[in-house]
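Colleague: I've got this model open and I'd like to learn how to read it. Could you walk me through it, feature by feature?

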Amino acid sequence: MTLSLVALNAVAFSLFDTAIGPCALAWNSVGLTAVRLPGVSALATRKVLLSRQPQAVETPPPWPDFVAAAVAAMQAHLTGQPQDLRDVPLDTRLANRFELLVYAAARELDPGHTCSYGELAKAIGEPMAARAVGHALGENPWPLVVPCHRVTAAGGRLGGFSAPGGSDTKQRLLLLEAAMVKRPDQLF
């Protein structure tokens, strides 16, 4: 077995409380391997994470520095304090080239800003790939860190969201982030 396969299988995970409910993340020595937004309960969130990362071992704090920083940033972000999650390391070795392009472009979207699937497809040089962009974002293993909720359907429609709560969760995150952004015409 090669070192990279060992690293992929050496996964830990933990649940943590946020303002919108218990989230979970999994990681290895390279970076985060998964993020789960709250399900109907902490048990449901744990169950879904483990269905996708069955080798993961639940690990309480103290966590590696990058995990502790990611948890703190996500907790703050979900209370309405904008955080830049672009520096959170991700283990992207299982993503294909197209997914990597989509995820990198989505990470460039600031809180309170959105683009359509078609606009993101154009941004990565694949103007006819809006559906493929939507599919890649639907498979995104790192919601919030790779802010797929900021990518919407054409014509200002919300579009789908594969995280628990679906489009309702997507709308909740977008409304939270819209409140974070001070517009030039605002006094306070």
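Modeller: Let's begin with a term: contact means heavy atoms within 4.5 Å. One more thing before we look: this is a predicted model.

Colleague: Fine. What covers the buried residues of H4?

Modeller: The cover includes H5 and H6. As for the buried residues of H4 themselves, they are Glu-99, Val-102, Tyr-103, Ala-105, Ala-106 and Arg-107.

Colleague: And which residue caps the N-terminal end of H4?

Modeller: That's Asn-96, with a side-chain oxygen 3.0 Å from the backbone nitrogen of Phe-98.

Colleague: Now the core. How should I think about it?

Modeller: The general idea is that in soluble globular proteins, nonpolar side chains tend to be buried together. Here the largest nonpolar core has 44 residues, and Leu-25, Leu-32 and Leu-137 touch the most other members. Strands S1 (12–16), S2 (23–27) and S3 (32–36) each give it two or more residues, and so do helices H3 (65–77), H4 (97–107), H5 (117–123) and H6 (130–138). H3 supplies the largest share, 5 residues.

Colleague: What is Leu-32 in contact with, leaving aside its neighbours within four places in sequence?

Modeller: Quite a list: Leu-25, Ala-26, Trp-27, Phe-66, Ala-70, Val-88, Pro-89, Leu-90, Asp-91, Trp-142 and Val-145. There's also a second, separate core of 8 residues, with Leu-15, Ala-24, Ala-34 and Leu-49 among them.

Colleague: I clicked on two helix residues, His-77 in H3 and Ala-121 in H5. Is His-77 buried or exposed?

Modeller: The cut-off you need is that buried means under 20% relative accessible area. His-77 has 0% relative accessibility, so it counts as buried. Beyond its neighbours within four places in sequence, His-77 is in contact with Pro-82, Gln-83, Pro-111, Leu-144, Arg-150, Leu-176, Glu-177 and Met-180. Ala-121 counts as buried too, because its relative accessibility is 0%. With the same kind of neighbours left aside, Ala-121 is in contact with Glu-126, Pro-127, Ala-129, Ala-130 and Val-133.

Colleague: Leu-144 shows up in that His-77 list. What is its phi?

Modeller: The background first: most residues other than glycine have a negative phi, and most peptide bonds are trans. Phi of Leu-144 is near 80°, a positive value in a residue other than glycine. Leu-144 belongs to the loop between H6 and strand S6 (151–152), and it is buried, with a relative accessible area of 2%.

Colleague: Where is there a cis peptide bond?

Modeller: Look at the bond from Pro-61 to Pro-62, which has omega near 5°. Pro-62 sits in the loop between S4 and H3. Pro-64 is in that loop as well, between strand S4 (57–58) and H3. Pro-64 is partly exposed, with a relative accessible area of 33%.

Colleague: Let's move to the loop between S1 and S2. What does the side chain of Thr-18 do there?

Modeller: A polar atom of the Thr-18 side chain lies 2.5 Å from the backbone oxygen of Gly-21. Thr-18 is buried, at 14% relative accessible area. Apart from neighbours within four places in sequence, Thr-18 is in contact with Cys-23, Gln-75 and Leu-78.

Colleague: And Pro-22, which is also found in the loop between S1 and S2?

Modeller: Separation along the chain and separation in space are worth reading side by side. The C-alpha atoms of Pro-22 and Thr-45 are separated by 7.4 Å, while the two residues are 23 residues apart along the chain. Thr-45 is one of the contacts of Pro-22 outside its neighbours within four places in sequence, and the others are Phe-16, Asp-17, Leu-37, Pro-38, Ser-41 and Ala-42.

Colleague: Last one, the largest pocket. How much space lies in it?

Modeller: About 590 Å³. It is lined by 28 residues, and the closest to its centre are Thr-33, Gln-53, Glu-139, Asn-140 and Pro-141. Helix H1 (3–9), S3, helix H2 (42–52) and H4 each give two or more residues to the lining.

Colleague: Which element gives the largest share of that lining?

Modeller: S3, with 4 residues. By residue type, the lining divides into 14 nonpolar, 9 polar and 5 charged.

Definitions and conventions. Residues numbered from 1 in each chain as written. Predicted model: local features only at pLDDT ≥ 70, side-chain atom pairs only at ≥ 80, totals over all residues. Heavy atoms only, no water. Core = buried A, V, L, I, M, F, W, Y, C linked by side-chain atoms within 4.5 Å. Buried < 20%, exposed > 50% of the residue type's maximum accessible area, 1.4 Å probe, protein only. Polar contact = N/O pair within 3.5 Å; in protein donor to acceptor, adjacent residues only side chain to side chain. 1 Å grid on protein atoms, 1.4 Å probe; cavity = no way out; pocket = protein on both sides within 12 Å on 5 of 7 lines; lining within 4 Å. Points joined across faces, edges and corners; volume = space filled by probe spheres on them. Nonpolar A, V, L, I, M, F, W, Y, C, P; charged D, E, K, R; others polar.
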